[in-house]
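Visitor: Please show me the structure. Then I will ask how each label is earned.

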Amino acid sequence: MPKGSVLVVDDDESAREYVTALVEALGYDVSAAASAEAAMPELGRSPPEVVLLDLVLPRMSGLELLDWIRRNAPGVGVVVLSTVGEIKTVVEAMSRGASNYLTKPFREAELELAIRGATEKERLREEVRVLRHRLDHGEATDMVSSDERMLRVRDIASQVADSDAPVLILGETGVGKEVVARLIHGLSDRRDRALVKVNCAALPHDLLESELFGYEKGAFSGAVRDKPGKFELANRGSILLDEIGEMSPHLQAKLLHVLQDGEFSRLGASRPTRTDARVLATTNRPLEQAVASGLFREDLYFRLNVVRLEVPPLRERRADIPLLVRAFEARHQRPGTPRTLPPELTSAFLAHDWPGNVRELENAVRRYMILPDLGAALEELGRSPRTEAAAARGAAPGVELSLKALAAKVAEEAERKTIQRVLAETRWNRRQAARQLKISYKTLLNKLKRWRVEESGPVPPADGPETRAKRPV
Ligand SMILES: Nc1ncnc2c1ncn2[C@@H]1O[C@H](COP(=O)(O)OP(=O)(O)OP(=O)(O)O)[C@@H](O)[C@H]1O
Ligand SMILES: [Mg+2]
């Protein structure tokens, strides 16, 4: 096993061969380039851990190549090689981001120390980058839930974490799609690298293209220098493409190319760039519709849809509400004023429909932690659009129901859903369903009768159309 890979850049042939032989003898994979121009494609193809860089090169100087490496291959260690008398240039190189330096002539042991020092420094830099990223994006990778469907999502997420297969995460706004994406990334062996997030709906087509794929200097009038795209920054990590359905056909084609061949072209580039970024994509609208109407490429859809995770809306897993309330109380606790939500508020939360899902709930809890005014909190809840719809359907506004009654209602709803799912799975074989549910056949019949659930689907219960199960297929 080689200790790592090293690229030697030196225009002086004898020096280059000498250093190359030394590095090889130390047990590294080594390649060599005689100029900056020859080094760049090499760096683009497969970046080494460390570059040994002679500062005096013809045409493009060592310092210029160093700048290029820092912009385009940020994780690569650079050891600058200089001769006595070049100390000013060495200082300049260190301030521009070189990891280490060596003064010629040097001995084998010094060379090895310099290479190892550079690797270590880049590893630490990367670690700092990751930690900073985690701090910036909150440590909230915990997924709180006791819901069966959510637990299944978590199971699949952990099973597929280590594979490189793309994952498509579906769900309404605020349900926790990003939480699921972070979970996958956090469980994968890419976790020490970045999870780079891009919202495909937030940028116009051209900007999104340069954001994702980068550009080369001169590609268009504003392009004064090379810029790496998010796909390069996510190399060996993951890329989260939010609202994937909003991508234009041109970008869909480029994305398909990345998924198929692991490469793409920067704007204005004549050669492709390789990337090993794991793709996680989210959408809050079913992509099937977009495919049917020709807005989304079918081949891309099939590529993305290999692993498909559906995050159910909060109103379909109300039993999670108290758990989430507790988690958010802890998350938004203010030092010095420990606070929990009054039971009246939690029961109102249980009855609410949460069109904004978990994010809306989190905001409501956070607001109460800052301003503990029950009246204001209930009033705020009343302003949310779906509460009126829920009331019109006969769901009593939460405050009038006791917490206990609500909990029972939630439990019953969950029970009914499970039974309906098992019935659908067994194609309405009631005996088999009862066995699978570990209840007696008679109990099952009684429950079906009480809920008036029939094979054609249940009679809509008084508390709303969302509990209506799909017809078994
Ligand atoms: N199961 C959960 N446990 C703990 N926190 C959660 C859970 N689900 C969502 N959250 C929190 O709710 C907020 C919204 O979640 P997230 O950003 O993942 O939703 P989303 O589906 O990506 O939303 P959008 O559609 O707007 O992109 C975040 O602060 C997240 O931490
Ligand atoms: Mg999101």
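Guide: The turns below take some labels and set them against their cut-offs.
Guide: This is a predicted model, in which local features need pLDDT of at least 70, side-chain atom pairs count only at pLDDT 80 or more, and totals for chains, interfaces and linings use all residues. Residues are numbered from 1 along each chain as its sequence is written, chains are lettered from A and ligands numbered from 1 in the order in which they are written, and side-chain values use heavy atoms, leaving out hydrogens and water.

Visitor: Why is E362 called buried?
Guide: Buried means under 20% relative accessible area, exposed over 50%, partly exposed in between, with a 1.4 Å probe and protein chains only. E362 has 14% relative accessibility, so E362 counts as buried.

Visitor: What is E362 in contact with, leaving aside neighbours within four places in sequence?
Guide: F328, R331 and H332. Contact means heavy atoms within 4.5 Å. E362 itself sits in helix α15, residues 357-370. Helices are DSSP runs of H or I, at least four residues, numbered from the N terminus.

Visitor: What makes α8 roughly parallel to α10?
Guide: Angles run from 0 to 180 degrees between N-to-C directions, with axes fitted to C-alpha atoms over the stretch in contact. Under 35 degrees counts as roughly parallel, over 145 as roughly antiparallel, 65 to 115 as roughly perpendicular, the rest as oblique. The axes of α8 (residues 205-213) and α10 (residues 249-261) cross at roughly 15 degrees and come within 10 Å. Therefore α8 is roughly parallel to α10.

Visitor: Which residues make that contact?
Guide: H205, L208, E209 and F213 of α8, with H250, L251, K254, L255 and V258 of α10.

Notes: Helix = DSSP H or I, 4+ residues; strand = E, 2+ residues; numbered from the N terminus.
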